[in-house]
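This report looks at charged side chains that pair with one another and at the nonpolar residues gathered in the interior. The sequence and structure are shown first.

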Amino acid sequence: MPSPIRILTLAALLAPMLALTPAAAATQPATPAPLQQLRIYEIPRTNEGVFHDRFRDHALRIMARHGFAVRSIWRSEHEGKVEFVYLLDWPDARAMKAAWAAFMADPEWAAIKKETGARHGRFVDAISDRTLEPVPWSPDRSGAGG
């Protein structure tokens with residue numbers, strides 16, 4: 001009969017291999033991958049300046065309060081329309097949805113939108129929203145490449 005020490009040693013050696021089996025992997029919760037969100041606003045040319053002012057002076061500050069991580073912001077023209085484009089970093093989809101809900105319910109943001117809308121009219125004609133999920137082989141992923 002094997003000694004208890006020998007059994008424990010064998011179990012310790014086999015544990016890492018067993019953890020890599022498909023059955024073991026299926027039972028362990030997966031850590032959600034970080035993702036990015038691309039937002040494209042089509043804005044009226046007549047309100048472009050006041051839109052930028054409102055976003056820079058108010059939206060960014062309130063978004064930061066709700067956990068938004070704005071990576072970069074661009075201006076674009078596409079098919080004769082002015083676009084405001086920005087990219088956000090999120091730890092996962094759940095955090096993204098919760099932050100957007102909190103931002104949209106923020107009383108300060110609601111008041112600013114109401115006041116600026118009354119003064120300047122429409123700020124956004126259309127919004128495109130895309131969640132960007134990384135693929136493991138993307139060149140910016142660690143260990144990617146060939």
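## Salt bridges

Across the whole structure, a search finds 13 salt bridges, a salt bridge being a side-chain nitrogen of Lys or Arg within 4 Å of a carboxyl oxygen of Asp or Glu. Side chains of opposite charge can pair when their charged atoms come close. The model is a predicted one, in which local features need pLDDT of at least 70 and side-chain atom pairs count only at pLDDT 80 or more, while totals for chains, interfaces and linings use all residues. Residues are numbered from 1 along each chain as its sequence is written, and side-chain values use heavy atoms, with hydrogens and water left out.

## Pairs involving the strands

One salt bridge joins the side chains of E42 and K81, at 3.8 Å from N to O. This pair links distant parts of the chain, since E42 belongs to strand β1 (residues 35-43) and K81 to strand β3 (residues 81-90), 39 residues apart; helices (H or I, at least four residues) and strands (E, at least two) are DSSP runs, numbered from the N terminus. E42 has 22% relative accessibility and therefore counts as partly exposed, the range between buried (under 20% relative accessible area) and exposed (over 50%), computed with a 1.4 Å probe on protein chains only.

The side chains of E77 and R45 also meet in a salt bridge, at 3.3 Å from N to O. Here E77 lies in strand β2 (residues 69-78) and R45 in the loop between β1 and α3 (48-65), with their positions 32 residues apart in the chain. Both R45 and E77 take part in a network of salt bridges that also includes E48 and R75.

## A pair between a loop and a helix

D106 and R65 form a salt bridge at 2.8 Å, N to O. Because D106 lies in the loop between α4 (93-104) and α5 (107-120) and R65 in helix α3, the pair ties together parts that are 41 residues apart in sequence. D106 is buried, with a relative accessible area of 6%, whereas R65 is partly exposed at 47%.

## The nonpolar core

The largest nonpolar core has 21 residues, of which F68, Y86, W90 and W100 touch the most other members; such a core is a set of buried Ala, Val, Leu, Ile, Met, Phe, Trp, Tyr and Cys residues joined through side-chain atoms within 4.5 Å. The elements β1, α3, β3, α4 and α5 each give two or more residues to this core.

Leaving aside neighbours within four places in sequence, F68 is in contact (heavy atoms within 4.5 Å) with M63, L88, W90, A99, W100 and F103.
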